[in-house]
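This report goes through the fold of one protein chain, from its overall make-up to selected strands and residues. Please keep the structure open while reading.

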Amino acid sequence: MKSGQIFFVFMLVLSLGNLVSAVPIFNNISVSDSEIWLGETETIFVNCTDDNLTISEVYADISTSTALFPSNVFNQNAEGLYYLSISTAQDSSFDKVGVFELVLYCENNESDSVNTSISFSVSNLSVESSDVTGAIYVGDIVEFDVFVKKDGVSITSNDIEFTIFKGGTEIQLVSQSYYDFEKGWVLRFSTEDFVAGTYTFSIAANYLGGEISTTKSLSLYDILDFSIVGIDKTLVSEGDTIIVSVKATDKGKPITIIEDQVSVRIGSTKVTVSEVVASSTNDVYDIIFTAPSLSFGEYTTKVYFNYENDSLYDSESVTYVMPVSGVIFTDTVSKHVVDITFNSEELIKRVKTGVDGKYSFLIPPDTYDLQIKDSLSTLDFYYVELDYFDDSIKYQALPTSSVDGVSGQGIFYYAIADELDYENARLKIKYDSSKIHNIHSIEAYRCTDWDTGNKECLSNWVIVDSKIDSLRKIVTIDDAALNAAYIVGSEDTLTVGATIDKTVYTISEPIIITGLSQDTVKNVVSEAILDVSISDTLIEKYYVSDSKGLFSFSIENPKVEGNYTLLINVSKPPFIPSQKIINFEVVKSKNVAVVSPDTIRIYPGETSEVEFLVINTGESDLINMSFSLNGVSEKYYQMIYPEIVDNLKESLEVPVVVYFDVPINASKEFISASFEVSSAGFSKKQNFVMNILAPKNDTVTTALTVTTLSDNPKNGTAWDKISLIGMPTGNSIFIMAPMQTMSVAIFALLSFTTALFFRKRRLTNIYSDKLRESNRSLIFDIRRHVFNLKKSNGNMGQSKKGSNVPLFFKKNLDASTQTINPSGLNNIPSEVLNDSIMVNGGSENVSVFKDDTKSAIDNMADGETKIIINGIELGTETGTETGTETGTETGTETGTEKEQIDSNDDTKPVKKDVKSELKLDLISDIYTDLKEKRC
């Protein structure tokens with residue numbers, strides 16, 4: 001064989017050797033004990049390995065003669081040994097007696113395995129003891145007979161040990177235990193140190209490490225025995241006859257009892273025995289005595305028996321009962337029978353009252369559960385300490401009564417006296433669902449301040465926790481309070497019908513609230529609580545409706561303009577509260593007071609100035625104010641608007657002057673008129689009467705008198721009281737001088753045409769209010785010029801009686817002469833520039849105001865220029881003309897003018913007046929100049 005072949009064979013053998021050595025092997029198998037007692041635990045240990053340390057599992061199949069337990073897996077401990085513990089306790093699956101066979105398996109990761117077998121046995125150790133027969137007296141020897149068995153076979157060997165225990169004390173046997181084939185092991189001990197009674201003894205046996213025990217009960221009796229075998233009553237009262245039955249024996253043999261051998265005590269009170277007689281029962285004697293006077297409660301009754309040199313006694317409890325009586329109803333509408341039950345551990349006492357609610361019985365003091373029951377409700381209250389009872393329970397049933405705020409009927413009141421102390425109470429009330437509006441929201445309500453006489457709750461009805469049994473229609477209140485009334489129902493909703501006197505208030509006005517509180521069916525609810533508040537403010541007020549549910553009160557408003565919400569919350573337990581919401585607005589008031597005459601009297605052909613004083617008495621500024629007269633023909637008056645009408649602030653005033661100009665041909669009449677003030681969203685009228693008087697028969701005076709401020713009785717500054725006249729009338733034209741006739745006629749025509757034009761424009765609303773105001777002012781500027789002309793030439797004489805002559809000037813200057821050029825006014829005193837100035841240039845007379853003076857002089861014709869102020873000539877350009885116009889000249893010229901007017905008619909030619917023509921030109925120029933300024 002070649003060397004290579006030899007090497008291959010060598011390696012193959014070596015490999016097979018390695019494979020063989022990798023198979024698992026059992027190195028050691030052991031059990032903790034080859035024989036154990038039933039209930040003990042057996043442990044099997046296995047050492048299994050392979051050369052590659054690849055053991056994966058060790059397990060065993062276990063079998064007995066009656067069962068098979070496969071695949072019981074071993075655990076591995078810290079030393080690497082595999083172990084399995086098998087318990088034979090009663091609650092285990094291995095609770096069996098006999099031989100346990102185990103087939104052990106050991107596997108590695110290569111699925112190689114080995115197996116072997118081992119066994120152990122389980123035995124049962126038991127004990128049996130017979131009962132002791134016959135009476136055992138103190139001092140007797142007691143014998144327990146015991147059999148100890150292994151697997152049902154008695155053990156007779158001496159290696160068994162016994163121990164007897166009474167409680168935890170070991171009892172010494174009076175002799176060595178021995179085995180009797182009929183009795184078993186005999187165990188004896190003495191009872192000399194015992195007292196009469198019943199005892200439990202434990203007998204323990206130990207055999208080959210196994211322990212087993214059993215228990216026995218034993219009664220010991222005294223040699224002499226005396227006992228009470230019965231008593232005819234335990235609930236007694238003073239004077240009751242009590243019979244106690246007794247029996248006496250000597251080691252079980254009856255003893256005859258005579259009266260001298262017995263005595264009786266109840267508590268500490270000695271009782272005289274009436275007699276002792278043999279009972280109908282064998283060996284029993286009856287001791288008869290009378291119950292003495294004692295207070296209510298429980299007592300121990302002792303009966304003593306004297307026999308030879310021994311004294312024995314026995315006892316029994318008796319209770320002196322107390323009377324329980326009263327009338328359960330308190331002013332109940334429906335009287336009926338009520339069941340009352342007292343229940344304690346020792347006694348159950350049930351009584352029924354009469355229909356009048358009366359009851360009376362005896363019961364011992366004790367802790368009771370007390371029940372009061374009728375067809376309407378059931379009240380249980382628990383752990384009542386009862387040692388005194390005198391009409392201590394009251395019950396009021398009002399099955400048809402109802403409560404405001406609760407939809408339901410049936411009020412039940414329970415009261416208990418203070419001497420009855422209880423732990424808790426439970427109340428069950430039956431309800432009629434037809435009396436409840438909302439059966440889905442049934443609640444129990446309680447009043448803790450119930451007036452039984454007036455049958456009303458003096459406080460509030462409050463919802464309490466309860467359980468609703470809708471099938472049986474019973475409400476249960478587990479924690480019921482006594483001295484309280486109850487009702488079952490659903491909450492009613494409280495409604496409030498409230499209104500306020502208006503929806504818009506001014507800042508100073510209070511809000512007046514009125515209304516009625518009712519329930520859902522519109523029944524009046526008295527004394528409902530109203531909580532009134534205003535949204536977004538701190539304003540709040542409380543009020544209570546009266547006995548008829550009515551309320552009326554006021555609340556301040558927020559004092560700030562805006563829209564607000566008034567919240568009215570109404571409540572009264574147990575009603576469901578509700579809320580009423582009312583919206584309102586607070587605004588600043590707009591109001592004016594108009595001070596004016598009630599009656600304006602005026603003659604035809606006269607002009608009268610009337611002032612209407614408008615005062616802002618409201619709480620806000622008035623803007624874009626307008627004024628108008630109603631009921632008076634527009635041809636009878638003209639109105640001047642002051643500048644402040646655009647914005648009249650609070651508490652300020654503005655005078656509005658109206659110029660009445662009644663035509664000469666007006667008829668006598670009374671005109672009912674009104675002065676109206678209008679602003680944005682506001683208007684007010686002031687009524688007055690315009691009395692147009694009958695025309696006067698007086699002749700027209702040919703001279704007019706100019707009235708200055710010093711002649712005017714009115715007070716105030718000159719500018720505030722400046723008077724403007726109305727349109728010229730036919731009468732004023734008639735009294736003018738001839739040289740002014742054309743000027744006045746032209747002015748009248750121009751004024752009338754302009755007024756119509758601007759009125760039309762105003763009616764059609766083409767121009768703005770400002771433009772109409774400017775145009776109106778322009779007309780009156782022209783009018784002022786005309787009257788200045790009349791004054792400067794002395795043509796305005798004394799008017800006829802009753803006519804009003806407007807004022808043109810505020811001051812009178814000292815007579816002085818100054819030379820002034822038309823192109824400058826530097827030499828005119830400064831105070832004069834604030835007043836009306838008359839400029840005379842040759843034949844031209846112009847009256848201007850303030851800043852219009854210079855432009856008027858510049859527009860004069862060349863030549864001499866005179867300045868006349870308040871009728872005083874200030875001087876000429878050359879300084880040659882001085883002084884003032886005389887009244888004589890004025891009167892003469894005026895009279896001449898009158899004669900010319902009277903002599904004029906349609907047939908006579910009119911002499912051309914050069915001065916009038918110049919005046920007409922001048923008026924035209926002034927009109928043009930003023931118009932340009934306004935535009």
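The sections below cover the whole protein, its nonpolar cores, a set of paired strands and a four-stranded sheet.

## Overall make-up

The model is predicted. The protein has 935 residues, and 41% of them are buried. Its secondary structure consists of seven helices and 68 strands.

Among contacts with a separation of 6 or more, 64% join residues 24 or more positions apart. The accessible surface amounts to about 49,300 Å², and carbon and sulfur atoms supply 48% of that area.

## Nonpolar cores

In soluble globular proteins, nonpolar side chains tend to be buried together. The largest nonpolar core here contains 42 residues. Ile328, Phe342, Ile363, Phe381, Phe389 and Ile393 have the most contacts inside this core. Strand β35 (residues 377-386) gives the core its largest share, four residues. Another core, of 31 residues, lies apart from the largest one and includes Leu648, Val658, Phe660 and Ile671.

Which residues does Phe381 touch, leaving aside its neighbours within four places in sequence? Phe381 is in contact with Tyr368, Asp369, Leu370, Ile372, Ile393, Ile416, Tyr422, Asn424, Ala425 and Leu482. Two of these partners, Asn424 and Ala425, also appear in the description of strand β39 (residues 424-430).

## Strands β35, β39 and β45

Strand β39 is antiparallel to β35, with six bridges joining the two. On its other listed pairing, β39 runs antiparallel to strand β45 (residues 474-477), over four bridges. Leu427 of β39 takes part in both pairings: Leu427 is the bridge partner of Leu379, and the bridge partner of Leu427 in β45 is Ile477.

In a regular strand the side chains alternate between the two faces of the sheet. Strand β39 shows this alternation: Ala425, Leu427 and Ile429 point to one face and are buried. Asn424, Arg426, Lys428 and Lys430 point to the other face and are not buried.

## The four-stranded sheet

What is the order of the strands in the open sheet of four? The order is β56-β64-β63-β59, and the pairing is mixed. Because β56 and β59 stand at the edges with a single partner strand each, one side of each has no neighbour in the sheet. Neighbouring strands are turned by 25° against each other on average, with direction ignored.

At one edge, β59 (residues 626-630) runs antiparallel to β63 (residues 669-679), and five bridges join them. Ser628 stands opposite Glu676, and Leu629 stands opposite Phe675. The side chains of β59 alternate as well: Phe627 and Leu629 are buried on one face, while Ser626, Ser628 and Asn630 point to the other and are not buried.

## Thr599 at the other edge

Thr599 lies in strand β56 (residues 599-602). Is Thr599 buried, exposed or partly exposed? Its relative accessibility is 28%, so Thr599 counts as partly exposed; the buried class is under 20% and the exposed class over 50%.

Thr599 and Val689 are separated by 90 residues in sequence, yet their C-alpha atoms are 4.6 Å apart. Apart from neighbours within four places in sequence, Thr599 is in contact with Val689 and Asn691.

Conventions
Residues are numbered from 1 along each chain as its sequence is written. This is a predicted model: local features need pLDDT of at least 70, side-chain atom pairs count only at pLDDT 80 or more; totals for chains, interfaces and linings use all residues. Side-chain values use heavy atoms; hydrogens and water are left out. Buried means under 20% relative accessible area, exposed over 50%, partly exposed in between (1.4 Å probe, protein chains only). Two strands pair if DSSP finds at least two bridges between them. Contact means heavy atoms within 4.5 Å. Accessible areas come from the Shrake-Rupley method with a 1.4 Å probe; for residues, only the protein chains shown count as cover. Axes are lines fitted to C-alpha atoms, for helices over the stretch in contact, and angles run from 0 to 180 degrees between N-to-C directions. A nonpolar core is a set of buried Ala, Val, Leu, Ile, Met, Phe, Trp, Tyr and Cys residues joined through side-chain atoms within 4.5 Å.
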